[in-house]
Number of protein chains: 2
Amino acid sequence: MKISELAQTAHIPAKTIRYYESVGLIKPPQRETNGYRYYQLRDVETLIFIRRCRELNIPIEDIKQLVAVKQNPEASCATVDNIIVEQLARVRQLQQELALLEHTLSLLVTSCSSDTIQDCCILQSLQSSK
Amino acid sequence: MKISELAQTAHIPAKTIRYYESVGLIKPPQRETNGYRYYQLRDVETLIFIRRCRELNIPIEDIKQLVAVKQNPEASCATVDNIIVEQLARVRQLQQELALLEHTLSLLVTSCSSDTIQDCCILQSLQSSK
DNA sequence: CCTAAAGGTTCCAGCCACAGGAAGGTCAAG
DNA sequence: CTTGACCTTCCTGTGGCTGGAACCTTTAGG
């Protein structure tokens, strides 16, 4: 199949598929004499897998490892576990930071009932707070 | 004062201060014959304000507006309100997305008790889930 | 007076994961 | 034969910095 069919099936833009090839996340596919990329059925699987990983915000470098380790049924799960655990840690870290932001911002939003900049509590807080 | 003193006082790297100047967030300061930047006391205030905004993840383009509007005591608070409200909305949006990620990832982490890739529930989930 | 260190300057490149667009080749339908 | 859809490569931009090279200026010490 050609790239746009793969793109539609795996729900990944063709542009992104070429990008994944350029950074070594997927292998360069077969090419015909016209220079077009032609893909196999199992490439759909791989790309869906990659998409799922990206939806979990797993970095491309980590996905490379996952894809590689997936080829080797005898290998240990440790790599996979580590990557997921680390990703979870990153997400939770970000959640904590965002909770702080949310708190501060919502305080700001409710703090000010002024109409002019002169008495704007928001700006005053941003100037001096913390 | 020279840039490194400003940097220390405002807790912003000198490199970042130059960057802020290059993107038009702060005005180019006075220069002496040696080419060095020399800053005023009020530049400290401005940079602290900017740092607070960045700590709230407010985009630089929005901070430009905040800094501009701050010069004009008679102006309406509407711009400020909008920017903060929008920022809060972005943060909450991100929080929702992260909550989903966190949920999925924590399920993945606890799902697998296998030792080898062959039976790894994590990889199987990533292959077929959703 | 010379030197070395510390600090200043500009400019270029890289990060991450793409997206947009230009310029040009290929292919199937009418 | 033309049109339009698809394919190709290559370059640029995104946001907010950060690192580093190459070079100039200032300051302190021997």
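This passage walks through a predicted model with two protein chains and two DNA strands.

Chain A is a good place to start. Its inventory comes to 6 helices and 2 strands. Read from the N terminus, the order of the elements is α-α-β-β-α-α-α-α. So far that is just a parts list, and the overall dimensions add to it. Along the principal axes, the C-alpha atoms of chain A take up a box of roughly 70 × 40 × 20 Å. The radius of gyration is 23 Å for chain A, whereas a compact globule of 130 residues would come out near 14 Å. As for the inside of the chain, 22% of the 130 residues in chain A are buried. Contacts along the sequence can be sorted too: of those in chain A that link residues at least 6 apart, 43% link residues at least 24 apart.

Next comes the way the two chains sit together. A turn of 180 degrees with a shift of 0.0 Å along the axis lays chain A on chain B, and the RMSD of that fit is 0.1 Å. The two copies are thus related as by a two-fold rotation axis. Within chain A, A:Gln95 has the C-alpha nearest that axis, at 3.3 Å from it.

How many residues of chain A are in contact with chain B? The count is 43 residues of chain A, and they touch 43 residues of chain B. On chain A, at least two residues of the touching side come from each of helix 3 (41-55), helix 4 (60-70), helix 5 (78-111) and helix 6 (121-128). Helix 5 of chain A gives the most, with 17 residues on the side that touches chain B. Sorted by class, that side of chain A holds 24 nonpolar, 12 polar and 7 charged residues. The interface residues of chain A are, at 100%, also interface residues in chain B, so the copies meet through the same surface.

One residue gives a closer look at this meeting of chains. A:Leu101 belongs to helix 5 of chain A. Is A:Leu101 buried or exposed? The cut-off for a buried residue is 20 or more other C-beta atoms within 10 Å. A:Leu101 has 21 of them within 10 Å, so A:Leu101 counts as buried. Setting aside neighbours within four places in sequence, the contacts of A:Leu101 are B:Leu56, B:Asn57 and B:Val91. Back in chain A, a separation of 43 Å lies between the C-alpha atoms of A:Leu101 and A:Pro28, which are 73 residues apart along the chain.

B:Asn57, one of those contacts of A:Leu101, has a backbone worth a look. B:Asn57 shows a positive phi of about 65 degrees, although this residue is not a glycine. Its place is the loop between helix 3 (41-55) and helix 4 (60-70) of chain B. B:Asn57 counts as partly exposed because 15 C-beta neighbours lie inside 10 Å. Over in chain A, A:Asn57 also has a positive phi of about 65 degrees without being a glycine. A:Asn57 sits in the loop between helix 3 and helix 4 of chain A. With 14 other C-beta atoms within 10 Å, A:Asn57 is partly exposed.

That leaves the DNA. Around DNA strand C there are 16 residues, and those that come nearest are A:Asn34, A:Pro59, A:Ile60, B:Ser4 and B:Arg37. Three helices each bring at least two residues to the surface near this strand: helix 2 (14-22) of chain A, plus helix 1 (3-10) and helix 2 (14-22) of chain B. Helix 2 of chain A has the largest share there, with 3 residues. The make-up of the surface near DNA strand C is 7 nonpolar, 4 polar and 5 charged residues.

Which residues are the closest to DNA strand D? They are A:Lys2, A:Ser4, A:Arg37, B:Asn34 and B:Pro59, out of 16 that surround the strand. At least two residues of the surface near DNA strand D come from each of helix 1 (3-10) and helix 2 of chain A and helix 2 of chain B. Helix 2 of chain B gives the most to this surface, namely 3 residues. By class, the surface near DNA strand D has 7 nonpolar, 4 polar and 5 charged residues.

Methods:
Residues are numbered from 1 along each chain as its sequence is written. Chains are lettered from A and ligands numbered from 1 in the order in which they are written. This is a predicted model: local features need pLDDT of at least 70, side-chain atom pairs count only at pLDDT 80 or more; totals for chains, interfaces and linings use all residues. A residue is near a molecule or strand if its C-beta atom, placed from the backbone, lies within 6 Å of it. Helices (H or I, at least four residues) and strands (E, at least two) are DSSP runs, numbered from the N terminus. Ala, Val, Leu, Ile, Met, Phe, Trp, Tyr, Cys and Pro count as nonpolar, Asp, Glu, Lys and Arg as charged, and the others, Gly among them, as polar. The radius of gyration is taken over C-alpha atoms; the globule rule is 2.2 Å times the number of residues to the power 0.38. A residue is buried if 20 or more other C-beta atoms lie within 10 Å of its own, exposed if 12 or fewer, and partly exposed in between; C-beta atoms are placed from the backbone. Two residues are in contact if their C-beta atoms, placed from the backbone, lie within 7 Å. Copies are superposed by least squares on the C-alpha atoms of residues with pLDDT of at least 70 in both.
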